[in-house]
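Hi there,

Here is the structure I promised to pass on. Have a look at it first, and then read my notes underneath.

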Amino acid sequence: MKTPRNTPQAQALWDGAWKDADASETEVNADLRALAEQLRSGRALDLGCGLGQNAIWLAEHGFEVTACDLSSVGLDKARAAAASRGARVAFRQLDAAEWTPDETFDLVVNTYALPMDGDRRARAIRAAAAAVAPGGYLLMADWHVGAARVYPEVFSEDDLLTLDEVLPLLDGLEVILQEDGRPGGKLPDVFVVARRPVEAA
Ligand SMILES: C[S@@+](CC[C@H](N)C(=O)[O-])C[C@H]1O[C@@H](n2cnc3c(N)ncnc32)[C@H](O)[C@@H]1O
């Protein structure tokens, strides 16, 4: 797999990946579910929403949701899935690495949707952190470099991350949960939940 270095390359890769995918087969992220059940409501932003299962679940559980992705194929399927369930989600096409937030959210989510290119990935992580409102949360998870040792035919270590790469990019956020190479599922991942403190009055 060639690492996408710009928006058109990344979009082409994901449009191809989603072409034959079935949105009804995707599972809601368990970590997101656990955090959202504590928060219960608020404005949520799902970056790299894929086929939309997490965004739809949030909308069905009290959140006002904006969901973004760069793949128009993925977004079309996510929109159709939301419509079929009567879930209200504002879908928007954007490249999370080429985006400056102009509003903030109580919950910002990026699960397994960071760019593979290191510079683009750093921009996407910073922008996600900047989109967290005072008192709001960021939940981020993606494949750890160890996943390349499990599936060398699919992943290259350069495309994946470690916790050390993520933490310095979370400007102004307080890290609440962190995992570096969490075993859990099929592949090790990096997992972070962070909160932006409410400024003193
Ligand atoms: C592995 S899927 C994960 C989807 C979903 N977040 C989940 O957890 O099931 C990766 C998604 O991230 C999207 N994506 C990758 N890079 C992106 C970027 N730079 N900006 C926006 N979306 C991106 C892809 O189009 C794809 O839909």
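Below is what I found, going from the overall fold to the core and then to the ligand.

Please keep in mind that this is a predicted model. The protein chain contains 7 helices and 7 strands, and their order along the sequence is α-α-β-α-β-α-β-β-α-β-α-α-β-β. Its C-alpha trace extends over about 50 × 40 × 30 Å along the principal axes. The radius of gyration is 16 Å, which agrees with the value near 17 Å for a compact globule of 201 residues. Of those 201 residues, 43% count as buried. If we take contacts between residues at least 6 apart in sequence, 67% of them join residues at least 24 apart.

Now to the inside. As a rule, nonpolar side chains tend to be buried together in soluble globular proteins. Here, the largest nonpolar core has 60 residues, and A55, A78, V108, A128 and L138 have the most contacts inside it. Strand 5 (residues 132–143) supplies the largest share of this core, with 7 residues. If you would like one residue to click on, try L138: leaving aside neighbours within four places in sequence, L138 is in contact with V108, A128, A129, V132, L173 and A194.

Finally, the ligand. There are 20 residues around the ligand, and W14, G48, G50, A96 and A113 come nearest. What is the make-up of this shell, in nonpolar, polar and charged residues? The shell divides into 10 nonpolar, 8 polar and 2 charged residues.

Happy browsing, and best wishes!

Terms used: Residues numbered from 1 in each chain as written. Predicted model: local features only at pLDDT ≥ 70, side-chain atom pairs only at ≥ 80, totals over all residues. Near = placed C-beta within 6 Å. Nonpolar A, V, L, I, M, F, W, Y, C, P; charged D, E, K, R; others polar. Helix = DSSP H or I, 4+ residues; strand = E, 2+ residues; numbered from the N terminus. Rg over C-alpha atoms; globule rule 2.2 N^0.38 Å. Buried ≥ 20, exposed ≤ 12 C-beta atoms within 10 Å, placed from the backbone. Contact = placed C-beta atoms within 7 Å. Core = buried A, V, L, I, M, F, W, Y, C linked by C-beta atoms within 7 Å.
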